[in-house]
Amino acid sequence: MSVRTYREIQRRKSRQIHVGSVAIGGDAPISVQTMTNTVTADAKATIDQIRRIEEAGADIVRVSCPDEESTAAMKAICKASTIPVVADIHFHYKRAIEAAEAGAACLRINPGNIGSADRVREVVKAAKDHGCAMRIGVNAGSLEKDLMDKYGEPCPEAMVESALNHARILDDNDFREYKISVKASDAFLAVASYHALSEAIDCPLHLGITEAGGLISGTVKSAIGIGNLLWAGIGDTIRVSLSADPVEEVRVGFDILKSLGLRARGVNIISCPSCARQGFDVINTVKTLEDRLKHITTPMSLSIIGCVVNGPGEALGTDIGFTGGGAGKGHGQIYLNGQPVYRIQNPDLIDHVVELVEKKAAEIEAARNAAAE
Ligand code: SF4
């Protein structure tokens, strides 16, 4: 129990499944995933993109398998990827079986769309034989016709009914390693659907606001939708859908989790918007620092504040801080563990802070390794 109870999020208790080596649900950390947008059949391009996605910190990556050429490339892709690969399948049960055989850790497939009961059994058998999980992915844009006839339009009741229908098929086949998503591009519909689903079933939930938009508008919409659910304790894995580089999706996903204190990764920079009081160029300094500190994965905090109005106060709660000395002064104050320690000249600021952060990261990692021994 924290002394700051207003920050506590009580997570919904879901059963735990595994996507490859990544636990999802239960008390597992909320995982971040994204999806490649290369042609899957081009294994080299897809593996190159997965490398960048891994470096950004993604826990899981999804790859589309629209045809046989794609599932043929999956073997090399799954072998090369250091994070579990989810095969995205629509309708074609054979692609699902091929992907499972190729090493996919999870199949994103809706069993109700595969066709006959025999086909479902074959897919479930392939998943069991190869240790694959599944994700049922209900989407407001592709709800089944009978549900659209029944409800007239995509609504939370229809989304949940669709999800439970698919889940029942897997349960009937004695397959329990599945998670569910009920995505919509409308954040209200998605949030209401996830709330209703979270009460109807205990499997882990994969959150997303689908087709959220471009980098900025999609980030805002995702932060509202996914953030709202996570804040309510709902959600075990997330994917931010942006019309942008998948690496950006991973960054935004982690930023949502960091903002809610649900996961920590890398340097959390606290910076002011800057104004006439700034003692140095805050905006460009932060931009450069974000870039120069991308390689740091150790969780820590850094405050970069333009002047003494808010600098000392913000530095109090961070591992490392810099506060500008006021317009025209040309120097500022370095803080370590909240305490002012020495001044540096503005031109030395970036190199010096990068050095301090790298040193602190090494200390934290060394202490962690020592504790683990
Ligand atoms: S901290 Fe100082 S420089 Fe930054 S916005 Fe506030 S008053 Fe302006």
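In this predicted model, strand 3 (residues 31-35) runs parallel to strand 4 (residues 60-64), and three bridges hold the pairing. One residue pair gives a handy landmark here: Thr 34 has Val 61 of strand 4 as its bridge partner. Both strands belong to an open sheet of eight strands, in which the pairing is parallel and the order reads 8-7-6-5-4-3-10-9. At the edges of this sheet stand strand 8 (178-183) and strand 9 (206-207), each of them paired on one side only.

It helps to step back to the whole chain at this point. The domain assignment divides the protein chain into domain 1, residues 10-259, and domain 2, residues 267-372. Taken over C-alpha atoms, the centres of domain 1 and domain 2 are 37 Å apart.

A second sheet can be followed in the later part of the chain. This open sheet is built from five strands in the order 11-12-13-14-15, and its pairing is mixed. Strand 11 (267-271) and strand 15 (339-345) each have a single partner strand, so one side of each of these edge strands has no neighbour in the sheet. From one strand to the next, the twist averages 20°. Within this sheet, strand 12 (residues 300-305) and strand 13 (residues 320-324) run parallel and are joined by four bridges. Ile 305 offers a good place to look, as the bridge partner of Ile 305 in strand 13 is Thr 323. Helix 12 (residues 349-372) packs on the sheet and touches strand 11, strand 12, strand 13, strand 14 (331-336) and strand 15. The direction of helix 12 makes about 160° with that of strand 13.

The UniProt record, an unreviewed entry, places the feature "domain: IspG C-terminal" at residues 268-359. This span is 30% helix and 30% strand, and the C-alpha atoms at its two ends lie 16 Å apart.

The ligand completes the picture. Which residues are around the ligand? One group consists of Cys 272, Pro 273, Ser 274, Cys 275, Arg 277 and Gln 278, while Ile 305, Gly 306, Cys 307, Val 309 and Asn 310 make up the rest of the surroundings. Ile 305 thus appears among the residues around the ligand as well as in the bridge to Thr 323 of strand 13. By character, the shell around the ligand divides into six nonpolar residues, four polar residues and one charged residue.

How values were computed
Residues numbered from 1 in each chain as written. Predicted model: local features only at pLDDT ≥ 70, side-chain atom pairs only at ≥ 80, totals over all residues. Near = placed C-beta within 6 Å. Nonpolar A, V, L, I, M, F, W, Y, C, P; charged D, E, K, R; others polar. UniProt positions renumbered as here; feature names shortened; annotations may be inferred. Pairing = 2+ DSSP bridges. Axes fitted to C-alpha atoms, helices over the stretch in contact; angles between N-to-C directions. Contact = placed C-beta atoms within 7 Å. Domains from an automatic or database assignment.
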